[in-house]
Amino acid sequence: MSAEISGFRRFLHWGPITALSIIKCITLTTLYMNSMWWPPNESFAAFAHQALFLLLSTLATFNYIMATVTGPGLLPKQWQPKDPKDTEWLQYCKQCEGYKAPRSHHCRKCNRCVKKMDHHCPWINHCVGWANHAYFCYFLLFSILGSLHGSVVLSCSFYRGIHRYYYLTHGMAYLASVQFTIGSIVMCILGMGLAIGVVIGLGMLLFIQLKTIIINQTGIELWIVEKAIYRRYKADSYEPFVYPYDLGWRLNLRQVFNDECQKRGDGIEWPVVKGCDQYTLTREQLAQKQEKRARTRVYKCISPVSGRWMPICSQGWRICINAPCTDEPRIRLQPDDIIKVTRFRRHWLFGERVPSELEHTAVAQKRRQRKGPIRGWFPRRSVVAITEMPDSDSSDDVKTIKTSTSNGHSHGKQQQRNGLSKKYM
Ligand SMILES: [Zn+2]
Ligand SMILES: [Zn+2]
């Protein structure tokens, strides 16, 4: 599992390899073009100019490596609060076999609970959270500044390079220092495209990150607060929800960025505003979970679902044109799978597949595991609603259920089920 990956093995993944290649490509192209456009040995200003670019590039790489190596801060497995009574306010994580500390969330990619999880970033092949939030933001900042610098150097050299003939024929030979070959012109255009792309892409990301830091609300917490407000709006009688971690923009910023460039606290206990306590948000999360459980319906799969985004061959065009407009995953299903559905559309449902007992043993023995996400959208026509969870209590914490996987048995009943499915459509 990726949780066991540590240190530099994190870099052996398409995300870090691509990200580092882009940084290096922009750096080397800029240095090469700059050596013709404004050679650093020409004057002190030229030297300082190149040194500034190298500094930005080095800082970007350093913070990138630190964000990846440091990681977000993983909650220890089987974590318990100091006072056992507090467990009643906390969610339990089955995968980590412990309680989730306030602001911690389980990351499916890292397969661990992550302290103050913001998001899982494939580019650093790790989560962004409590311990590496500052490194991640500094990486974004220096990449943007470096790329901005790079794109200016590359654009100017490009302009000089393509006007070289003009300069030579009009008595301005001193401007004709940039000389292109086929290879270098391709490199220059590619470098320019990458640099401008980085400025725009990472610029937007940095803007979002700064917003979450200033209000001290991670992407996940934004969702929780939105649901908390909606819950109160719907019920009319509730008191307004007070978000416990917003201490004002100065203190919020200082929680992430500080003079020592070190993470603050232990990532478990957080300072809260007056009138709130450590478990204000977790109590709200539990209440939301309870409501979610109340609207959960159990479905059984009756025909295979490919997990494709556009299952035109298996499901037909009507299902495809009514597909939900989100980037949330699609799940793959097999007949007899049990799915707990929490969101309902006319042709699509969103839910979580309940792993069967057989699958649990397969995972434990590291044998054949089912691929693909466990939670996501799937076409409604491939499932039927069932009222009760077979051979299991309705608690969300009991996930192992017994399902019949005998092929002959399921095949024999297929036609009967297809008839049944029409009734539910
Ligand atoms: Zn966990
Ligand atoms: Zn993660």
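This note goes through the annotated membrane segments, one helix pair and one sheet of a predicted model.

1. Because this is a predicted model, local features need pLDDT of at least 70 and side-chain atom pairs count only at pLDDT 80 or more, while totals for chains, interfaces and linings use all residues. Residues are numbered from 1 along each chain as its sequence is written, and chains are lettered from A and ligands numbered from 1 in the order in which they are written.

2. The unreviewed UniProt entry annotates residues 12-32, 52-75, 135-162 and 182-208 as "transmembrane region"; such annotations may be inferred rather than shown by experiment. Residues 12-32 are 90% helix and 0% strand, with end C-alpha atoms 28 Å apart, and residues 135-162 are 100% helix and 0% strand, with end C-alpha atoms 39 Å apart. Helices (H or I, at least four residues) and strands (E, at least two) are DSSP runs, numbered from the N terminus.

3. Helix α3 (residues 133-162) and helix α5 (residues 182-214) have axes that come within 8 Å and cross at roughly 150 degrees, angles running from 0 to 180 degrees between N-to-C directions. The two helices α3 and α5 are therefore roughly antiparallel, a term for angles over 145 degrees. The residues of the contact of α3 with α5 divide into 17 nonpolar, 10 polar and no charged, with Gly counted among the polar.

4. An open sheet of five strands follows the order β10-β9-β8-β7-β11 with antiparallel pairing, where two strands pair if DSSP finds at least two bridges between them. Strands β10 (375-379) and β11 (383-386) stand at the edges with a single partner strand each, so one side of each lacks a neighbour in the sheet. Five bridges join β9 (residues 348-354) to β10, and F350 has W377 in β10 as its bridge partner.

Conventions:
Parallel < 35°, antiparallel > 145°, perpendicular 65-115°, else oblique.
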